[in-house]
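Hi,

Here is the structure I promised to pass on. Have a look at it first, and then read my notes on the helix packing and the sheet below.

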Amino acid sequence: MRTITKRQAGQFILAKQGLIGSYRFSGKDGAYEYVRQAGCIQFDPVDVCGKNAELTLQSRVKGFRKSMLRELLYEDRKLVDYADKELSIWPAEDWPYFEPYRERSRRHSDSFAGLQELKDTAVEYIAQNGPVCSDTLPIEGRIFWHSSMHWSGNWQKDSPAARSVLEQLYTDGVLIIHHKNGSRKYYDLAEKHLPHAALTAPNPCQTEQELTAWRVLRRIGAVGLLWDKNSTAFLGIDLKAEQRKQILAQLLEEQKVGAVMVEGEKVPFYYRAEDEALMQAVLGGQADLKPRLSFVAPLDPLLWDKALILSLWGFRYSWEIYTPAVKRRYGYYTLPVIYGDRFVGRIEAVPDRREGVLQVKGLWWEPGVRQTKALQTALMRTLLQFAKFNDCETVETTAPMAGSTGAV
């Protein structure tokens with residue numbers, strides 16, 4: 001098995017991700033193509049400078065606007081909100097693969113006396129009246145309910161009956177999210193919006209092992225290069241070490257993946273077979289590695305395995321949104337900054353949309369990053385793009401910028 005350097009591994013991942021060189025993804029079609037490549041992108045409702053899914057797309061899709069994602073989800077119906085790696089957004093064409101999850105959800109709901117009657121009432125009301133949210137569905141009361149929202153298990157809660165019924169029908173696959181108003185979800189019947197062929201197609205995977213292998217392959221494609229370790233990139237997949245090794249060996253034997261060793265690491269790394277040409281281009285010095293500066297989302301597929309990021313780049317990132325203010329090293333919502341094939345720092349940029357100003361509250365450079373004219377020019381270009389993405393016209397620095405004057 002060939003051995004590559006950590007820098008080559010990092011370049012391959014960034015090229016696969018579309019975060020280095022010329023833009024590989026552009027406009028709404030590019031946003032859809034990137035989600036197809038990643039399999040899923042994580043959704044998080046917090047909106048400081050854009051929601052996580054929007055931030056994921058803005059960093060690698062030229063000309064991306066937030067409205068493009070809304071259109072793909074709620075007008076074109078090419079994408080759906082659903083569980084995968086936690087709450088996610090993924091291509092509607094993958095709907096048949098998730099039938100085991102929906103079937104498990106339906107079986108789970110059958111164990112609650114009286115829930116089916118409430119579900120029937122909700123479906124009848126929505127069929128007659130159109131999309132609803134938990135405040136407009138006329139089902140009163142509260143129920144103590146075990147949610148089957150995630151692949152990894154169930155959790156308990158005492159919640160309004162209307163909300164619980166809608167969420168159960170959503171995980172059953174009877175409802176999909178019709179649209180969102182802020183953080184409020186409006187649901188409608190899936191049969192009104194998804195193609196009949198997708199709703200009725202059999203699961204392409206004949207066994208649970210096949211499905212797990214499909215999901216593992218999908219996650220490898222999302223990151224670009226994954227090692228044979230217990231990885232948070234596999235979150236949401238019930239995957240023990242022995243099964244992971246079996247599946248990776250199976251995918252290698254079926255020539256669905258390629259494998260390399262990376263200097264300093266004791267386990268093999270895997271990439272999708274269709275990326276062999278990209279691997280050869282990186283190793284042969286033929287890949288497009290023109291420097292580009294990007295702000296990366298906290299839950300970006302690139303960051304799904306933070307131990308991998310630390311190993312390959314020496315960059316340690318922690319999302320401090322849930323860290324008490326007095327214990328934060330950086331900011332409430334900092335984004336990693338990539339320039340060329342390196343993580344060069346992190347930034348906290350918050351839009352004041354009323355004034356039309358993007359305020360840079362903090363910018364922390366990594367040790368050894370020299371403030372070159374090229375870096376400063378790239379930073380300002382990206383800040384202006386990021387301001388436009390957040391409906392702002394100008395950029396303002398409101399805090400000192402910490403950094404280093406060492407060599408690149």
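Let's start with two helices, α6 (residues 115-129) and α7 (residues 161-172): their axes are 10 Å apart and the packing angle is about 85°. Angles of 65 to 115 degrees count as roughly perpendicular, so α6 and α7 are roughly perpendicular to each other. On the α6 side, the contact is made by L115, L118, K119, A122, V123 and I126, while α7 brings in V165, L166, Q168, L169 and D172. By type, the residues of this α6 and α7 contact split into 8 nonpolar, 1 polar and 2 charged. Keep in mind that this is a predicted model.

Now the sheet. It is an open one with 5 strands, running in the order β14-β15-β16-β17-β18, and its pairing is mixed. The edges are β14 (293-295) and β18 (394-397); each has a single partner strand, so one side of each is left without a neighbour in the sheet. On average, neighbouring strands here are turned by 35° against each other, if you ignore direction.

Inside that sheet, β15 (residues 335-339) and β16 (residues 342-352) run antiparallel and are joined by 5 bridges. If you want one to click on, V337 has G345 in β16 as its bridge partner.

Finally, what packs on the sheet? That would be helix α13 (residues 373-389). Helix α13 touches β14, β15, β16, β17 (357-365) and β18, and its direction makes about 40° with that of β14.

Cheers

Notes. Residues are numbered from 1 along each chain as its sequence is written. This is a predicted model: local features need pLDDT of at least 70, side-chain atom pairs count only at pLDDT 80 or more; totals for chains, interfaces and linings use all residues. Side-chain values use heavy atoms; hydrogens and water are left out. Axes are lines fitted to C-alpha atoms, for helices over the stretch in contact, and angles run from 0 to 180 degrees between N-to-C directions. Helices (H or I, at least four residues) and strands (E, at least two) are DSSP runs, numbered from the N terminus. Angles under 35 degrees count as roughly parallel, over 145 as roughly antiparallel, 65 to 115 as roughly perpendicular and the rest as oblique. Contact means heavy atoms within 4.5 Å. Ala, Val, Leu, Ile, Met, Phe, Trp, Tyr, Cys and Pro count as nonpolar, Asp, Glu, Lys and Arg as charged, and the others, Gly among them, as polar. Two strands pair if DSSP finds at least two bridges between them.
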